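Let's take a friendly walk through this model, with its rings, cysteines and helices as the stops along the way. Please keep the 3D view open as you read.

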Amino acid sequence: MERIRALREEVILFKAYFIQCRKAMQEMLFLRLRTRQHFIDSSKLYTVQDLVDANSGVLLPELETVVTEYRRHQRTCDDCSKRKFQCFVCNVPPLIDPLAEETYNLASCQQCHGVLHRPCYNKTTYCPYCNTNFVTPSQ
């Protein structure tokens with residue numbers, strides 16, 4: 001389940017790239033998840049069928065196939081391969097590449113998918129990109 005969770009978090013990071021990419025939209029990359037569209041919005045929600053498929057060994061290879069295709073697109077697409085993001089909480093350079101291994105300690109706004117360092121995300125109560133209030137566990 002840990003590997004599935006990590007892949008699902010990676011899917012959410014791809015969303016930051018793909019929602020701004022005309023080619024990704026034309027290729028309908030998000031539809032590769034078929035009946036698991038909820039994976040695009042959250043890495044924490046599981047349907048009963050997801051759990052059954054995880055237990056039977058169906059989910060992990062399916063998710064690995066989709067993420068491999070997403071990685072291929074991100075590497076080969078002119079727009080996505082050059083896209084980096086600014087953390088508007090700390091404004092500390094360099095720009096964030098959400099898919100670089102050393103930067104996986106990131107969070108993204110569920111509303112606009114703006115990418116922030118996780119410590120910066122934890123320090124603020126709203127998204128600096130779209131001004132959406134973050135829901136914290138205590139709320």
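## Aromatic pairs

Rings are a good place to begin: the structure, which is a predicted model, holds 6 aromatic pairs. One of them joins Phe14 and Phe18, whose rings are stacked, with 5.5 Å from centre to centre and 25° between the planes. Both residues belong to helix H1 (residues 2–18), where they sit 4 residues apart, about one turn of the helix. An α-helix has 3.6 residues a turn, so residues three or four places apart point the same way. Phe14 is buried, with a relative accessible area of 1%, and Phe18 is buried too, at 1% relative accessibility.

A second pair brings together Phe30 and Tyr70, with ring centres 6.5 Å apart. Their planes stand at 90°, so this pair is edge-to-face. Here distant parts of the chain are linked: Phe30 comes from the loop between helix H2 (22–26) and helix H3 (48–56), while Tyr70 lies in helix H4 (residues 59–76), 40 residues apart. Both Phe30 and Tyr70 are buried. Taken together, ring pairs join Phe14, Phe18, Phe30 and Tyr70 into a cluster.

## A charge over a ring

Tyr46 has a charged partner. The charged end of Arg8 sits over the ring of Tyr46, at 4.4 Å from the ring centre.

## Cysteines without a bond

How many disulfides are there? The count comes to 0, taking a disulfide as a pair of cysteine sulfur atoms within 2.5 Å. For Cys80, the closest cysteine sulfur is in Cys21, and at 3.7 Å the two are too far apart for a bond. Cys80 is buried, at 0% relative accessibility.

Turn next to Cys120. Its closest cysteine sulfur belongs to Cys87, and because the sulfur atoms are 3.7 Å apart, they are too far from each other for a bond. With 5% relative accessibility, Cys120 counts as buried.

## Helix H4 and its two faces

H4 has 18 residues and spans 26 Å from its first C-alpha to its last, close to the 26 Å expected at 1.5 Å a residue. Which residues of H4 are buried? They are Leu59, Leu63, Val66, Val67, Tyr70, His73 and Gln74. Seen down the axis of H4, these buried residues fall within an arc of 115°, so they line one face of the helix. Tyr70, part of the ring cluster described above, is among the buried residues of H4.

What covers that buried side? The cover over the buried residues of H4 includes H1, H2, H3 and helix H5 (78–82). On the face of H4 turned away from its buried side, you will find the exposed residues Thr65 and Arg75.

## Tyr126, after the helix H6

The last stop is Tyr126, in the segment after helix H6 (118–123). Is Tyr126 buried or exposed? The answer lies in between: at 38% relative accessibility, Tyr126 counts as partly exposed.

Leaving aside neighbours within four places in sequence, Tyr126 is in contact with Asn131, Thr132, Asn133 and Phe134. Leu45, for its part, is 81 residues from Tyr126 in sequence and 22 Å from Tyr126 in space, C-alpha to C-alpha.

Methods
Residues are numbered from 1 along each chain as its sequence is written. This is a predicted model: local features need pLDDT of at least 70, side-chain atom pairs count only at pLDDT 80 or more; totals for chains, interfaces and linings use all residues. Side-chain values use heavy atoms; hydrogens and water are left out. Rings of Phe, Tyr and Trp (its six-membered ring) pair if their centres lie within 6.5 Å; planes under 30 degrees apart count as stacked, over 60 as edge-to-face and the rest as tilted. Helices (H or I, at least four residues) and strands (E, at least two) are DSSP runs, numbered from the N terminus. Buried means under 20% relative accessible area, exposed over 50%, partly exposed in between (1.4 Å probe, protein chains only). A charge sits over a ring if NZ of Lys or CZ of Arg is within 6 Å of the ring centre and within 35 degrees of the ring normal. The expected span of a helix is 1.5 Å times one less than its number of residues. The arc is that of the directions from the helix axis to the C-beta atoms. Contact means heavy atoms within 4.5 Å.
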